[in-house]
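This report goes through one protein model, region by region. Please keep the sequence and the structure open while reading.

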Amino acid sequence: MEEYRIPKTMKAMTLTAYDHLEMAELPVPQPGPGEVLCRIRSVAICGSDPKMIHGGYKFANWPPYYPFVMGHEWAGEVVALGEGVDSWKVGDRVAGEAHHGCGDCDNCKRGHYTVCLNYGKDGHDGGLDTGHRHYGFYWQGANAEYNVYKAAVLHRIPDNVSFDAASMCDCAGVAMHGVELAGVTPGGTSVVIGPGAIGLNAMMECKALGSGRVIMIGRGAKLEKAREMGADICIDFEKEDPVARVLELTNGIGADEVMECSGAKDSPYKACQMVRKTGSVAIIATYHDGDVLIPANTVNFNEIHIVGSKANPNVSDKVLHFMSTGAIRAEELITHRFPLEEYEKAVDIFEHKKEGSVKVVINP
Ligand SMILES: [Zn+2]
Ligand SMILES: [Zn+2]
């Protein structure tokens with residue numbers, strides 16, 4: 001095992017108050033039992049990051065304290081092992097998940113660890129530590145040179161996948177969980193609403209799982225990106241009615257499954273109108289101004305399966321495999337790269353969709 005010199009302190013980008021970011025020199029955290037220390041190589045900015053910076057998650061108590069290190073879509077290397085960790089060795093290339101369940105509650109036992117019933121009981125406030133972690137939201141994240149993780153959240157990066165691409169593991173996984181819950185009909189018609197990073201991943205995953213054709217619904221540069229990346233049919237909702245168009249393309253029957261990745265408030269309603277009788281709708285997006293309507297009568301009459309999809313449980317190895325085979329072309333989603341010092345600029349370009357940005361990656 002090669003020797004790796006770990007410094008005492010590290011650079012980290014911290015949130016010190018809403019809308020206030022500061023570079024800081026923090027102690028490098030020590031891995032406890034069952035944990036590993038990782039050198040962070042790539043962190044992708046997520047749609048939730050600017051929202052958290054602006055105080056949009058007060059209701060969820062994210063972040064739980066200041067100064068707080070955000071960042072949850074990351075890839076890097078294992079540099080030190082805590083007591084009892086034998087599944088990893090120093091030098092392993094890994095991508096991490098944001099959620100670590102307590103492992104003990106009913107939901108965790110059933111594999112649903114992103115909806116752990118002990119959410120937030122991580123001991124950071126001196127209370128009980130059940131082992132639950134939500135890195136970058138409720139526990140220190142990856143916008144730093146190093147961070148400590150529970151060994152179970154790590155996944156091996158295939159040799160031919162770069163750190164930058166592997167930092168899309170979380171985002172591709174969020175799409176994959178929804179795609180799995182909805183189910184892809186081999187040879188069928190899948191619709192993805194919202195061609196952002198998650199929607200583009202969902203599009204590639206539907207194809208990888210055997211969809212006959214993927215219809216993308218969106219507008220502007222992002223819809224163009226979907227076309228470039230292989231969408232079979234693109235519908236610009238500013239130019240035509242997406243429900244009428246999908247029905248027309250399917251002889252009035254409707255799509256086999258719809259992945260709602262847009263977060264637009266009328267999209268879940270439209271998704272239910274464009275899916276076939278007994279088809280599925282996955283709600284992968286979240287809605288910024290609170291709950292939105294679904295057409296309950298249509299859902300009833302047509303026996304539509306609606307599934308809510310939260311985060312990315314049990315899918316990381318699958319998406320890393322698809323990155324390795326080329327089925328998920330993660331590198332093509334990355335439009336910008338910045339060092340940690342330029343995080344604020346990177347967030348601005350990402351948040352305001354400047355310069356055709358899709359995914360922006362930080363290299364600490
Ligand atoms: Zn994310
Ligand atoms: Zn749990």
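Where is Ser167 found? Ser167 sits in the loop between helix H3 (163-166) and H4. The model described here is a predicted one.

**Around Ser167**

Is Ser167 buried or exposed? Its relative accessible area is 1%, and values under 20% count as buried, so Ser167 is buried. The side chain of Ser167 reaches the backbone oxygen of Asp164 at 2.7 Å. Leaving aside residues up to four places away in sequence, Ser167 touches Ser42, Val43, Ala44, Glu73, Trp74, Ala75 and Val361. Several of these names return below.

**Strand E3 and its partners**

Strand E3 covers residues 35-44, and nine of its ten residues are buried, so E3 is largely enclosed by the rest of the structure. Strands of a sheet pair through backbone hydrogen bonds, either parallel or antiparallel. E3 runs antiparallel to strand E9 (residues 146-150), with five bridges between them. Within this pairing, Val36 stands opposite Tyr149 in E9. E3 is also antiparallel to strand E5 (residues 73-81), to which eight bridges join it. Here Leu37 has Ala80 of E5 as its bridge partner. Two bridges join E3 to E18, again in the antiparallel sense. Ala44 is paired with Val361 in E18, and both Ala44 and Val361 are touched by Ser167.

Strand E18 (residues 359-363) is also joined to strand E17 (residues 334-339), by five bridges, and these two run parallel. In this pair, Ile334 has Lys359 in E18 as its bridge partner. Between E17 and E18 the chain passes through helix H11 (residues 343-351), and this β-α-β crossover is right-handed.

**The zinc site**

Which residues coordinate the zinc ion (ligand 1)? The donors are Cys46 through SG, His72 through NE2 and Glu73 through OE, at 2.1 to 2.4 Å. Along the chain, the donors follow the spacing C-x25-H-E. His72 has a relative accessible area of 3%, so it counts as buried. Glu73 is buried too, with a relative accessible area of 2%. Glu73 is also one of the residues that Ser167 touches.

**The six-stranded parallel sheet**

Another part of the model is an open sheet of six strands. Their order is E13-E12-E11-E14-E15-E16, and the pairing is parallel. Strand E13 (233-236) and strand E16 (305-308) are the edge strands, each pairing on one side only. On average, neighbouring strands of this sheet are turned by 15 degrees against each other, direction ignored. Strand E15 (residues 275-283) pairs with E16 over four bridges in the parallel sense. Ala282 stands opposite Val307 in E16.

Two helices lie across strands of this sheet. Helix H4 (residues 169-182) lies across strand E14 (255-260), E15 and E16, and runs at about 150 degrees to E14. Helix H5 (residues 197-208) lies across strand E11 (189-193), strand E12 (213-218) and E14, and runs at about 170 degrees to E12. H4 is also the helix at one end of the loop that holds Ser167.

**Backbone exceptions**

Most residues other than glycine have a negative phi, and most peptide bonds are trans. The table lists four places that depart from this.

| Place | Backbone feature | Angle |
|---|---|---|
| Trp62 and Pro63 | cis peptide bond | omega about -10 degrees |
| Tyr66 to Pro67 | cis peptide bond | omega near -15 degrees |
| Asn61 | positive phi, not a glycine | phi about 60 degrees |
| Asn251 | positive phi, not a glycine | phi near 55 degrees |

Where do these residues lie? Pro63 is in the loop between helix H1 (48-53) and strand E4 (68-69). Pro67 has its place in the loop between H1 and E4, and Asn61 lies in the loop between H1 and E4 as well. Asn251 lies in the loop between helix H7 (242-249) and E14.

Asn61 has a relative accessibility of 38% and therefore counts as partly exposed. Asn251, at 73% relative accessibility, counts as exposed, because the cut-off for exposed is over 50%.

Methods:
Residues are numbered from 1 along each chain as its sequence is written. Chains are lettered from A and ligands numbered from 1 in the order in which they are written. This is a predicted model: local features need pLDDT of at least 70, side-chain atom pairs count only at pLDDT 80 or more; totals for chains, interfaces and linings use all residues. Side-chain values use heavy atoms; hydrogens and water are left out. Two strands pair if DSSP finds at least two bridges between them. Axes are lines fitted to C-alpha atoms, for helices over the stretch in contact, and angles run from 0 to 180 degrees between N-to-C directions. Contact means heavy atoms within 4.5 Å. A crossover is right-handed if, with the strands pointing away from the viewer, the path from the first strand over the helix to the second runs clockwise. Buried means under 20% relative accessible area, exposed over 50%, partly exposed in between (1.4 Å probe, protein chains only). Donors are N, O and S atoms within 2.8 Å of the metal (3.2 Å for Na, K and Ca); water is not among the atoms, so sites may look incomplete. A polar contact is a pair of N or O atoms within 3.5 Å; within protein, one must be able to donate a hydrogen and the other to accept it, and residues adjacent in sequence count only if both atoms are side-chain atoms.
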